[in-house]
Amino acid sequence: MPETPSSPLAAAVDLARAAAEETAGDPGVVGEHLSATPEEAFDPLLGEALTHSFASTLPGYVGWYWAVTLARAVDEESITVDEVVLLPGEQALLAPAWVPWHERLRPGDLSVGDVLPSTEDDPRLVPSYTVDDDSAEDPEARAVASELGLGRERVMSREGRAGALARWTGGDFGPRSSMARHAPGPCGTCGFFLPLAGSLRSAAGACGNAYAPAADHVVTVDYGCGAHSQATLVAQDTTEVVTSARYDTSEYDVLTD
Ligand code: SF4
């Protein structure tokens, strides 16, 4: 039958208070006794431990409490003070959880002269020489890749590319924009469309048409605008071809001079 926790620890409130006051350096900041909580079930080999809690009256620490842990070894009469700490209670005012800077940044936060290094474990990037090879990182492979002039040490990962494509698809120059819905044709069939290289070639590119709303921006192949290279004019009257001209999709306006 295990021995039950002895009461001396629970009764040693004054000892615990003295320890808290000594740690605080000011008896006036240790308030009323709140509780006495056994730390673990009594161990017949090691003894027992118990924590006394006292309200904190320390300025700026409303809702905090002093926790004083006392211990007593088996067959020992003396009680020792294990630890004195100031802890936040349920009502304590706490600072918001710290968020790493790279998770706090938002697009547009970067100013001229700022440096934004990517982290080693940035999921948007992978070592370039393992893009098509699942082999583990290998210093020799890195050296060979460099000697062969493969260039960049890291390239965008599948996750990074998927994120970029999702932004482009959902943005102003993606297929769901009103411009795209009323376009005479998609960018993928337009002569001004400059496809990206690599695996995103069939999904997105740059618009090289200076008169297009998306000029010099990334567009998806299924975006489109009225400046499509193959948009045709339907002349209703050759003498008024400019003023009455329309694209063969009836909803499109044409710039006239
Ligand atoms: S001109 Fe219009 S349709 Fe052609 S690539 Fe640019 S945005 Fe796409």
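In this predicted model, the pLDDT stays under 50 over residues 131-136, a stretch for which the model has four contacts beyond four places in sequence. Residues 1-5 also have a pLDDT below 50. Beyond near neighbours in sequence, the stretch 1-5 has eight contacts in the model. Where pLDDT is low, the predicted coordinates should not be read in detail. Over the protein chain the pLDDT averages 82, and 78% of the residues score at least 70.

The protein chain has 257 residues, of which 18% count as buried. Its secondary structure comprises seven helices and eleven strands. Among contacts in the protein chain with a separation of 6 or more, 53% join residues 24 or more positions apart.

**Ligand shell and nonpolar cores**

The ligand is surrounded by 14 residues, the closest being Cys 187, Cys 190, Cys 207, Asn 209 and Cys 225. By class, this shell holds eleven nonpolar residues, three polar residues and no charged residues.

The largest nonpolar core has 18 residues. Those touching the most other members are Phe 173, Cys 187, Cys 207, Ala 212, Ala 214, Val 219 and Tyr 223. Strand S8 (204-207) and strand S9 (218-220) are the elements that contribute two or more residues to this core. A further core of 14 residues lies apart from it, and its members include Leu 9, Ala 20, Leu 50 and Ala 67. In soluble globular proteins, nonpolar side chains tend to be buried together.

Cys 187 thus appears both among the residues closest to the ligand and among the core members that touch the most others; Cys 207 is likewise named in the ligand shell and in the core. With neighbours within four places in sequence left aside, Cys 187 is in contact with Phe 193, Gly 205, Cys 207, Val 219, Thr 220, Val 221, Tyr 223 and Gly 224.

**Positive phi angles**

Two aspartates have a positive phi in a residue other than glycine, namely Asp 75 and Asp 216.

| Residue | Phi | Loop | C-beta atoms within 10 Å |
|---|---|---|---|
| Asp 75 | near 65° | between S3 (64-72) and S4 (80-88) | 6 other C-beta atoms |
| Asp 216 | near 70° | between S8 and S9 | 10 C-beta neighbours |

Asp 75 counts as exposed because 6 other C-beta atoms lie within 10 Å, the limit for this class being 12 or fewer. Asp 216 is exposed as well, because it has 10 C-beta neighbours inside 10 Å. The loop that holds Asp 216 runs between S8 and S9, the two strands that each give two or more residues to the largest nonpolar core.

Notes:
Residues numbered from 1 in each chain as written. Predicted model: local features only at pLDDT ≥ 70, side-chain atom pairs only at ≥ 80, totals over all residues. Near = placed C-beta within 6 Å. Nonpolar A, V, L, I, M, F, W, Y, C, P; charged D, E, K, R; others polar. Core = buried A, V, L, I, M, F, W, Y, C linked by C-beta atoms within 7 Å. Buried ≥ 20, exposed ≤ 12 C-beta atoms within 10 Å, placed from the backbone. Helix = DSSP H or I, 4+ residues; strand = E, 2+ residues; numbered from the N terminus. Contact = placed C-beta atoms within 7 Å. pLDDT = per-residue confidence, 0-100.
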